[in-house]
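Good morning, and thank you for making time for this item. I would ask you to bring the sequence and the structure up on your screens before we begin.

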Amino acid sequence: MKAILIAALAAATLPVAAASAQEAPDGSRAFGIEPYVGIGGGWHDFDTGNKGLLQTQGSAKGGLVTGFAGVNIPLGPFVTGVEGNVAKGFNDIDWEYGVTGHLGIRIGESGMFFGRAGYQWVNTDIGDDRNELYGFGVEVGPKDIGLGGVTGESGVRLRLAVDTFDVFQSIRPTAAVVFHF
């Protein structure tokens, strides 16, 4: 049993050790801390069959203006991190706020594909709800769209993402501008 545990721990550390010896595709360090902030907008549409608080009172939907801050930790071609968000809603949605963790893979020189999971609180005109948030997205930088050298190694990136609240009880597409440091 101990041999299996030791082998599993060794196998889990191999990707980190290999990643730390590499440089990221955008020329930045293979391992470090990359803080970022962003602002964006989107739409959140809850299904009328939502099994949470909103189920008994109908569905909610509305536009969002979202602000977020987070930290990426690059591991060679992979990226992991954590992010907090707050959104002011319109129509039926008053406020949303939450936290997610993400795991991604770098693409091109300054972009990445990522998946994320976390917890989101939603305040609406017809009630409040809180539950898990799952999603995926892509970030692309100027180098990926032919504008290399405009912002340097970090800088500005465009993010497109789609999330779901409480496992497909809603859909939340968003677009944002992300400022990496």
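Which residues form a nonpolar patch on the surface? The patch consists of V37, I39, V65, F90, V156, V177, F179 and F181. Together these residues have about 670 Å² of accessible area. I should say at once that we are looking at a predicted model.

Two strands each supply at least two residues of this patch, namely β1, residues 34-46, and β8, residues 170-180. F181 is located in the segment after β8. Is F181 buried or exposed? F181 is classed as exposed because its relative accessibility is 58%, and the cut-off for that class is over 50%.

Let me place these elements in the whole chain. The protein chain has one helix and eight strands. Read from the N terminus, the order is α-β-β-β-β-β-β-β-β. The chain comprises 181 residues, of which 39% count as buried.

I turn next to the strand pairing, with β3 as the point of reference. How many bridges join β2 to β3? There are twelve, and the two strands run antiparallel; β2 covers residues 61-75. One of the partnerships is that of L75 with F78, the latter in β3. The hairpin of β2 and β3 has two residues between the strands, and within this hairpin G76 adopts a positive phi near 65 degrees.

β3 also pairs with β4, again in the antiparallel sense, over eleven bridges. Here V82 stands opposite G101, which belongs to β4. In the hairpin of β3 and β4 there are three residues between the strands, and N91 has a positive phi near 65 degrees.

Which side chains of β3 point to the buried face? Along this strand, residues 78-89, the side chains alternate. V79, G81, E83, N85, A87 and G89 point to one face and are buried. F78, T80, V82, G84, V86 and K88 point to the other face and are not buried. Please note that E83 and N85 are in the buried set, whereas F78 and V82 are in the set that is not buried.

The next topic is the aromatic side chains. A pair of aromatic rings is described by the distance of the centres and the angle of the planes. The model contains four aromatic pairs by the rule applied here. One of them, Y97 with W121, is stacked, at 5.7 Å centre to centre and with 10 degrees between the planes. This pair links distant parts of the chain: Y97 lies in β4, residues 93-107, and W121 lies in β5, residues 111-124, 24 residues apart. Y97 is partly exposed, since its relative accessible area is 36%. W121, at 30% relative accessibility, likewise counts as partly exposed.

A further pair, Y119 with W121, is edge-to-face, with 4.9 Å centre to centre and 70 degrees between the planes. Y119 has a relative accessible area of 28% and is therefore partly exposed. Through these ring pairs, Y97, Y119 and W121 are linked into a cluster.

My final item concerns N131, which lies in β6, residues 127-140. Why does N131 count as buried? The reason is its relative accessibility of 16%, as the class takes values under 20%. The side chain of N131 makes a polar contact of 3.3 Å with the side chain of D166.

That concludes the presentation, and I am glad to take comments.

Definitions and conventions:
Residues numbered from 1 in each chain as written. Predicted model: local features only at pLDDT ≥ 70, side-chain atom pairs only at ≥ 80, totals over all residues. Heavy atoms only, no water. Patch = residues over 30% accessible without salt bridge, like charges linked within 9 Å, V, L, I, M, F, W, Y side chains within 5 Å. Areas by Shrake-Rupley, 256 points an atom, 1.4 Å probe, with all protein chains shown as cover. Salt bridge = Lys/Arg side-chain N within 4 Å of Asp/Glu carboxyl O. Helix = DSSP H or I, 4+ residues; strand = E, 2+ residues; numbered from the N terminus. Buried < 20%, exposed > 50% of the residue type's maximum accessible area, 1.4 Å probe, protein only. Phe/Tyr/Trp six-rings, centres within 6.5 Å; stacked < 30°, edge-to-face > 60°. Pairing = 2+ DSSP bridges. Polar contact = N/O pair within 3.5 Å; in protein donor to acceptor, adjacent residues only side chain to side chain.
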